[in-house]
Amino acid sequence: MDIIFHHPTFNSQQWIEGLHQKLPEATVRQWLPGDNQPADYALVWHPPVEMLSGRSTLKGVFALGAGVDSILSQLQKHPEMLPKGVPLFRLEDTGMALQMQEYAVSQVLHWFRRFDDYQALKQQAKWEPLEDYRREDFTIGVLGAGVLGGKVAESLAAWGFPVRCWSRSKKDYLGITSYAGAEQLGQFLSGTRVLINLLPNTPQTVGIINSELLNKLADNSYVMNLARGVHLVEDDLLAALDSGKVKGAMLDVFAKEPLPQNSLLWKHPRIAITPHLAAVTRPEEAMTYIAKTIRQIENKESPSGQVSLDNGY
Ligand SMILES: NC(=O)C1=CN([C@@H]2O[C@H](COP(=O)(O)OP(=O)(O)OC[C@H]3O[C@@H](n4cnc5c(N)ncnc54)[C@H](OP(=O)(O)O)[C@@H]3O)[C@@H](O)[C@H]2O)C=CC1
Ligand SMILES: O=CC(=O)O
């Protein structure tokens, strides 16, 4: 079995050796331009078109992340890149759900305990106990209730917050109110105090967090974008912060990354920023998942994690 690997920043040697340990029968090599030798599987992130195109004998392509929007947008321009019938897989959880839970829970607690307000008071050297927020006024709404959104919703429910989620299909998560489809988005937003985005980037979700949506949230709401920058209309968020509709935001992803130096988001006192690391690919867990999936494919089983090219995620 031959596996080719390409990632612009990962340590290729670590992956080649790690995969070989998990799949001793496999020969794993870093793909380099000009390599058109046979391959059964390809592990990729931002793959050069020539790496994949024409490889009709591939049994699977693995994206080395959870979101496949960059690969799908490359595919739009170069449909030949993924030969017909070759399945595309993505990483399902592989250690990312726990990272997302850590990120979301810590920031929700920060807002809930009014640490943002106390930081502002500290700037003025003011000793001023504020009224506590009540959990019942702190409904959390998670946009996207898949592998990561579902786990984030569950962890916040465990902290006793009222939690709801929104997805395409209805969910049955314990203690979480599920809303589905465009027709239930308004209900989902009404009364939501903290909005957490974990949607995939698809034509239906681009720009979804805009002024119309933000205006439907509860007053003094908070926004956390953990999915993709293109989901958020940055100017609309700035306007909602300035009008007081939104009280604070925590952003991990941006329409343009790295976030340009001249972006107004950097300067806003009520926006916190992290550089797209809410959940990173953990090599050990990812390799375990990929090796298991390859074995399932070899055994003619149906592994989970296959991307629906029709749905775009
Ligand atoms: N910032 C970071 O570091 C990281 C960001 N990400 C981002 O997180 C995203 C989510 O990952 P993951 O949870 O694994 O993805 P999943 O595919 O498991 O979940 C996606 C969810 O979004 C829902 N959804 C999709 N389209 C729509 C729509 N049009 N309307 C309503 N709901 C919709 C799906 O509904 P249904 O369940 O009904 O299909 C599903 O619940 C990734 O696509 C990636 O962009 C991922 C990892 C790290
Ligand atoms: O943003 C990261 C990913 O895995 O998707």
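Let's start at a small spot: an N or O atom in the side chain of Arg228 sits 2.8 Å from an oxygen atom of ligand 2. Keep in mind as we go that this is a predicted model. Arg228 has company here, too. The side chain of His276 brings an N or O atom to 2.7 Å from an oxygen atom of ligand 2, and Gly67 takes part through its backbone, with an N or O atom 2.8 Å from an oxygen atom of the ligand. How much of ligand 2 does the protein bury? On its own, ligand 2 exposes 190 Å², and the protein buries 85% of that.

The full set of residues around ligand 2 is easy to list: Gly65, Ala66, Gly67, Met96, Arg228 and His276. Sorted by character, that shell has two nonpolar residues, three polar ones and one charged one.

Now step over to ligand 1, where 30 residues make up the surroundings. If you want to find the closest ones in the viewer, look for Leu148, Ser169, Lys171, Leu226 and Tyr313. Some of these names come with specific atom pairs. Leu148 uses its backbone, placing an N or O atom 2.8 Å from an oxygen atom of ligand 1. With Ser169 it's the side chain, which has an N or O atom 2.6 Å from an oxygen atom of the ligand. Leu226 goes back to the backbone: one of its N or O atoms there lies 2.8 Å from a nitrogen atom of ligand 1. Taken alone, ligand 1 exposes 940 Å², of which the protein buries 91%.

Which elements give two or more residues to the shell around ligand 1? They are α4, α6 (147-158) and β7. Helix α6 provides the largest share, three residues. As for the mix, the shell around ligand 1 splits into 16 nonpolar, nine polar and five charged residues.

Strand β7 is a handy way into the next part of the tour, the sheets. Seven strands line up in an open sheet with parallel pairing, in the order β8-β7-β6-β9-β10-β11-β12. At the edges are β8 (176-180) and β12 (271-273), each of which pairs on one side only. Going from neighbour to neighbour in this sheet, the strands are turned by 15° against each other on average, ignoring direction.

Zoom in on one end and you'll see β7 (residues 163-167) running parallel to β8, with five bridges joining the two. One residue to click on is Cys165, whose bridge partner in β8 is Ser178. Helix α4 (residues 96-112), which we met in the shell around ligand 1, lies across this sheet's β6 (140-143), β9 (194-197), β10 (221-225) and β11 (246-251). Relative to β10, helix α4 runs at about 160°.

There's another open sheet to visit, this one with five strands in the order β2-β1-β3-β4-β5 and parallel pairing. Its edge strands are β2 (27-30) and β5 (88-89), each pairing on one side only. Two bridges link β4 (residues 60-63) with β5 in the parallel sense, and Val61 stands opposite Leu88 in β5. Finally, helix α1 (residues 12-22) packs on this sheet, where it touches β1 (2-6), β2 and β3 (41-44). The direction of helix α1 makes about 170° with that of β2.

Methods: Residues are numbered from 1 along each chain as its sequence is written. Chains are lettered from A and ligands numbered from 1 in the order in which they are written. This is a predicted model: local features need pLDDT of at least 70, side-chain atom pairs count only at pLDDT 80 or more; totals for chains, interfaces and linings use all residues. Side-chain values use heavy atoms; hydrogens and water are left out. Two strands pair if DSSP finds at least two bridges between them. Helices (H or I, at least four residues) and strands (E, at least two) are DSSP runs, numbered from the N terminus. Axes are lines fitted to C-alpha atoms, for helices over the stretch in contact, and angles run from 0 to 180 degrees between N-to-C directions. Contact means heavy atoms within 4.5 Å. A residue is near a molecule or strand if one of its heavy atoms lies within 4 Å of it. A polar contact is a pair of N or O atoms within 3.5 Å; within protein, one must be able to donate a hydrogen and the other to accept it, and residues adjacent in sequence count only if both atoms are side-chain atoms. Accessible areas come from the Shrake-Rupley method with a 1.4 Å probe; for residues, only the protein chains shown count as cover. Ala, Val, Leu, Ile, Met, Phe, Trp, Tyr, Cys and Pro count as nonpolar, Asp, Glu, Lys and Arg as charged, and the others, Gly among them, as polar.
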